[in-house]
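Colleague: I am new to this structure. Please take me through one part of it closely, and then show me what lies around that part.

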Amino acid sequence: MRHHSFRGIRSRAAALVACALTATLVAAGATPAQAAADTERPTAPGPITVVAIDTTWVELTWAASTDDVGVVRYPVGAQFEDSGAQYSTDTTSIRITNLRPSRTYTFSVRAEDAAGNSSVSNPTVRLTMPPGDDQPPSAPGQPVAYDIAATVVWLRWAHSVENVALDRYEVFRVGGTLTRVREVYQYPPVNSAQISGLAPSTTYTFVVQARDEVGHLSPLSAPVTVTTLPPPPSCAVRSVVRQWSDGFVAHLVVTNTGSTAVDGWTMTWRFWASQQVRGIWGAKVVDRLNNSYLRVANTSRNAVIPPGGTVSLGLVATGTQPPEEITLNGGLCTVADE
């Protein structure tokens with residue numbers, strides 16, 4: 001039987017521990033140099049070629065990009081006016097679906113490698129999709145004047161029915177001929193418009209027409225006739241405000257400083273979105289304008305303000321913003337605080 005000394009066993013164990021420690025240091029990167037990071041960007045892909053196209057899809061291809069390590073994806077952009085979409089493929093071709101007939105898109109492609117380096121885009125391709133719409137929109141609904149001032153009218157109407165996509169609404173003033181006064185370009189088009197630049201105390205008639213993306217025109221809507229208000233009155237407001245930590249009560253005395261009686265009125269003043277009305281008297285709330293102004297109107301008892309006459313109203317509200325920038329029927333009032 002062979003015998004080993006205790007000293008020999010201890011020497012071999014120490015050697016094994018030293019080897020393990022060396023291996024740990026190497027794995028942690030203490031001795032060998034790390035490989036250099038990839039900082040080289042790929043070349044731009046080749047020009048885009050249209051392989052196939054239909055009314056709602058297109059297939060594109062391009063020459064491959066080159067890279068010192070390797071390209072892993074090709075981001076593809078499809079831009080229509082001020083909106084767009086992004087796609088990605090790991091090949092040199094792509095089919096993009098859910099496009100709109102007759103729209104003009106701009107397509108671009110760039111390359112990315114595994115390290116995230118991106119090439120410049122290749123030359124873009126501007127492409128108009130084939131028409132796929134042979135039907136005009138239906139007539140818009142009859143416009144409604146939902147707000148009227150001395151020089152401005154706000155109109156809204158029911159949407160046209162369109163089989164593919166609406167492009168815009170056009171508002172016309174009816175006279176000896178149709179005069180276009182407003183185009184509503186939004187996607188999708190909104191069904192309202194502000195018509196400005198009008199004359200006070202004047203009667204106007206308006207109609208609306210829809211246009212789809214191919215250029216088909218709808219029939220004209222039924223007309224609406226409106227009369228603008230007289231010129232805004234001049235006015236003065238005496239304001240008494242009692243404030244607390246997160247609220248106030250305001251008493252307003254409004255004087256008609258003009259020479260013509262006011263018969264029916266609305267008032268607006270600055271009123272932040274975070275503020276809430278807790279109570280009001282001498283007027284009734286109509287709406288909030290852009291979450292920045294409160295609009296109120298007369299009651300049945302105080303609609304008329306003769307020249308030199310006054311009307312009083314009050315408000316209890318949250319917040320720390322008392323009424324200011326006060327208007328009466330669109331005319332800015334002078335305000336004196338007490």
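Modeller: Arg-295 has a relative accessible area of 12%, so the residue falls under the 20% limit and counts as buried. Keep in mind that the model is predicted.

Start with the charge partners of Arg-295. Side chains of opposite charge can pair when their charged atoms come close. One partner is Asp-287, whose side chain forms a salt bridge with that of Arg-295 (2.6 Å, N to O). Asp-287 is partly exposed, at a relative accessible area of 25%. Another partner is Asp-147, again through a salt bridge between side chains (2.2 Å, N to O). Arg-295 sits in strand E22 and Asp-147 in strand E9, so this pair ties together parts that lie 148 residues apart in sequence. Asp-147 and Arg-295 are both buried.

Now look at the space beside this pair. The largest pocket has a volume of about 670 Å³. Its lining counts 23 residues, and those closest to the pocket centre are Asp-147, Trp-154, Thr-268, Leu-289 and Arg-295. The salt-bridged Asp-147 and Arg-295 are thus both on that list. Which strands build the lining of the largest pocket? At least two residues come from each of E9 (144-148), E19 (266-270), E21 (284-289) and E22 (293-297). E21 gives the most, with 4 residues. By class, the lining of the largest pocket holds 11 nonpolar, 7 polar and 5 charged residues.

There is another pocket to compare. The second largest pocket encloses about 240 Å³. It is lined by 15 residues, of which Pro-230, Pro-231, Pro-233, Ala-261 and Val-262 are the closest to its centre. Here the lining divides into 7 nonpolar, 7 polar and 1 charged.

Go back to E22 and move one place along, to Val-296. Leaving aside neighbours within four places in sequence, Val-296 is in contact with Trp-265, Thr-266, Met-267, Trp-269, Ile-280, Ala-283, Lys-284, Val-285, Val-286 and Leu-313. Val-296 also belongs to the largest nonpolar core, a set of 22 residues. Within this core, Val-296 is among the members that touch the most others, along with Val-254, Trp-265, Met-267, Trp-269, Leu-313 and Leu-328. Strands E16 (235-244), E17 (247-256), E19, E22 and E24 (310-318) each supply at least two residues of this core. E19 and E22 therefore serve both the core and the lining of the largest pocket. A second core is separate and has 18 residues, including Leu-60, Trp-62, Phe-80 and Val-109.

Last, set the pairs of Arg-295 against the rest. The structure holds 13 salt bridges. One of them joins the side chains of Arg-168 and Glu-183 (3.1 Å, N to O). Arg-168 lies in strand E11 (residues 166-174) and Glu-183 in strand E12 (residues 178-184), so the pair links parts that are 15 residues apart in sequence. Are these two residues buried or exposed? Arg-168 counts as buried, at 15% relative accessibility. Glu-183 is partly exposed, with a relative accessible area of 25%. Both belong to a network of salt bridges that also links Asp-167, Glu-170, Arg-180 and Arg-211.

To sum up, Arg-295 is buried, has salt bridges to Asp-147 and Asp-287, and is among the residues closest to the centre of the largest pocket.

Technical notes: Residues numbered from 1 in each chain as written. Predicted model: local features only at pLDDT ≥ 70, side-chain atom pairs only at ≥ 80, totals over all residues. Heavy atoms only, no water. 1 Å grid on protein atoms, 1.4 Å probe; cavity = no way out; pocket = protein on both sides within 12 Å on 5 of 7 lines; lining within 4 Å. Points joined across faces, edges and corners; volume = space filled by probe spheres on them. Nonpolar A, V, L, I, M, F, W, Y, C, P; charged D, E, K, R; others polar. Core = buried A, V, L, I, M, F, W, Y, C linked by side-chain atoms within 4.5 Å. Buried < 20%, exposed > 50% of the residue type's maximum accessible area, 1.4 Å probe, protein only. Contact = heavy atoms within 4.5 Å. Salt bridge = Lys/Arg side-chain N within 4 Å of Asp/Glu carboxyl O.
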